[in-house]
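This report covers salt bridges, internal cavities and one sheet. Have the sequence and the 3D view open as you read.

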Amino acid sequence: MFRKVLVANRGEIAVRIMRSCKELGIKTVAVYSQADKKAFHRVYADECYYLGKAEPSESYLNIEKIIEIAKKSGAEAIHPGYGFLAEKEEFARRCEEEGIVFIGPPSKVISDMGSKINARRLMKEAGVPLIPGSDEIHSADEAVEFAEKIGYPVLLKASGGGGGIGISIARNADEVRKAYERSKKLGERYFRDPTVYVEKYLTKPRHIEFQILADGKKALHLGERECSIQRRHQKLIEEAPSPEIDEEKREKFGKIAVRGAKHIGYKNAGTMEFLYQDGEIYFLEMNTRLQVEHTITEMVTGIDIVKEQLRIAYGDGISFDQEDVRIRGHAIEARINAEDPITFLPRSGKILHYRSPGGPGIRVDSGIHMGYEITPFYDSMISKLVVWGRSRMEAIARMRRALYEYIIEGVETNIPFHMIVVEDEEFVRGNTHTRFVEERRIAERVKETIKNIKNLKTRLDEIFRGDHDVVDYEKLIPIAISAVMAYMESEHSEGLIQARIGDQWKIYHRIKQFGWF
């Protein structure tokens, strides 16, 4: 097994990967930016190296700097986590060129799946069902022509897109023209790829995905996850298994997903994403990385996906077979974000009070702590709250309890949003789809009940009152300097240490270095 692995990421996912490494006896190397000098992942790792300024382009997206640190530290492999460089073909290729193991699929596979148009072509070759759609569209007029051929509404998508960026719905010719220009512009801005294609818009599909593992000799799946609770095409709540998928469908759709992975020569962990409607699934995209929501699959299978990634990358292969995979109970994940729970606009600020939930069946993956600064430079996710129960109803009950227990103050979060969803009668029945948040008026109901939610949390908040308030040490530093100087003058009046400006600066920096005296 590897002796040392560099984790080219930050926050909760960096800590998550390092935990598996620690259990396997692998030393870890962290990288951090100016904004993450006090981040937990930096101190959790065995070694840490400074990357650069807070801006991602000067830190977590700096390929050559990360390669340089890997070589300097003696890391044999790099795990990219998710986001940042995880699906950048150039990064995987540079690792290959430098003889560093990239813990993920080959660079060619990342490139093949990075273009949604190319991915659709390859999946069609593999016999994977596709949503009716076009190849590359070269003009707004061509987009209108194809949309009218397959019927409205349609989606216009940036071929290189991800995370909901570059997707626009159009219901008539005028909207198609505007959507074409918008998707083209966003594709160029965020992915350096202006290519656009048209796809039939399914009105109320479920978002179903299958977790894939492949080692070059065998490929298998770990069951499905349902990710239908979304806002602006970005997932907020995921669960496994899907309340809609039974054993027969799981076997059928799982085989389709594995067939697609084998056809492209996939290796390591990846996710085949589908839309499901009227009993059928349609290929959406393949994420060539560890997913945010891998946690719920781990909870219901008992399989550590990161450990399997490490074993595959090292050459040991998958440690089990398809028939060994068993789904036990039900798991739900809620993404806890620093954002307005009504508008979903991101928020930044310092976490003044923090207490995570606990008890049976609760898992919290985070990289934050009391006093931690949520900056505007990175994704606004604070943590992943994951629950497991013997049944879906028990899992829902535990999620309700965990959300009630979760205290985060100093920055606005979407906890009220999650509270409303898990109480919703249609969610409880399992009647979810990608338009659920809008159809069930979740944002409006958050607005109506947010005051009551705050009242419910008052009793728990009391533990932070009075002496437990977080102190702003920056403001107290001048007071501390004065106190130290007064002490020295009174106790050492003979002038052993004189209260000069230079001495004050020495004391100031000493206090800054150690945090508090």
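The structure holds 51 salt bridges. A salt bridge here is a side-chain nitrogen of Lys or Arg within 4 Å of a carboxyl oxygen of Asp or Glu. This is a predicted model: local features need pLDDT of at least 70, side-chain atom pairs count only at pLDDT 80 or more, and totals for chains, interfaces and linings use all residues. Residues are numbered from 1 along each chain as its sequence is written, and side-chain values use heavy atoms, with hydrogens and water left out.

One salt bridge pairs Arg289 with Glu87, with the closest N and O atoms 2.8 Å apart. This pair links distant parts of the chain, 202 residues apart. Arg289 sits in the loop between strand E13 (280-287) and H10, and Glu87 in the loop between strand E4 (77-79) and helix H4 (89-97). Helices (H or I, at least four residues) and strands (E, at least two) are DSSP runs, numbered from the N terminus.

Arg289 also appears in a cavity lining. A cavity is a set of points on a 1 Å grid over the protein atoms alone, where a 1.4 Å probe fits but cannot get out; lining residues have an atom within 4 Å of a point. Grid points are joined across faces, edges and corners, and a volume is the space filled by probe spheres set on the points. The structure has two cavities of 30 Å³ or more.

| Cavity | Volume | Lining by class |
|---|---|---|
| Largest | about 40 Å³ | seven nonpolar, six polar, one charged residues |
| Second largest | about 30 Å³ | five nonpolar, two polar, two charged residues |

In these classes, Ala, Val, Leu, Ile, Met, Phe, Trp, Tyr, Cys and Pro count as nonpolar, Asp, Glu, Lys and Arg as charged, and the others, Gly among them, as polar.

The largest cavity is lined by 14 residues; Ile103, Gly104, Arg289, Leu290 and Gln309 lie nearest its centre. Residues lining the second largest cavity include Leu222, Glu224, Arg250 and Ile327. Strand E10 (219-231) and helix H10 (294-301) each give two or more residues to this second lining. E10 supplies the largest share, three residues.

Now the sheet. Three strands form an open sheet in the order E7-E6-E8, with antiparallel pairing. Strands pair if DSSP finds at least two bridges between them. The edge strands are E7 (167-170) and E8 (196-200). Four bridges join E6 (residues 154-158) to E7. Leu155 has Ile169 in E7 as its bridge partner.

Technical notes. 1 Å grid on protein atoms, 1.4 Å probe; cavity = no way out; pocket = protein on both sides within 12 Å on 5 of 7 lines; lining within 4 Å.
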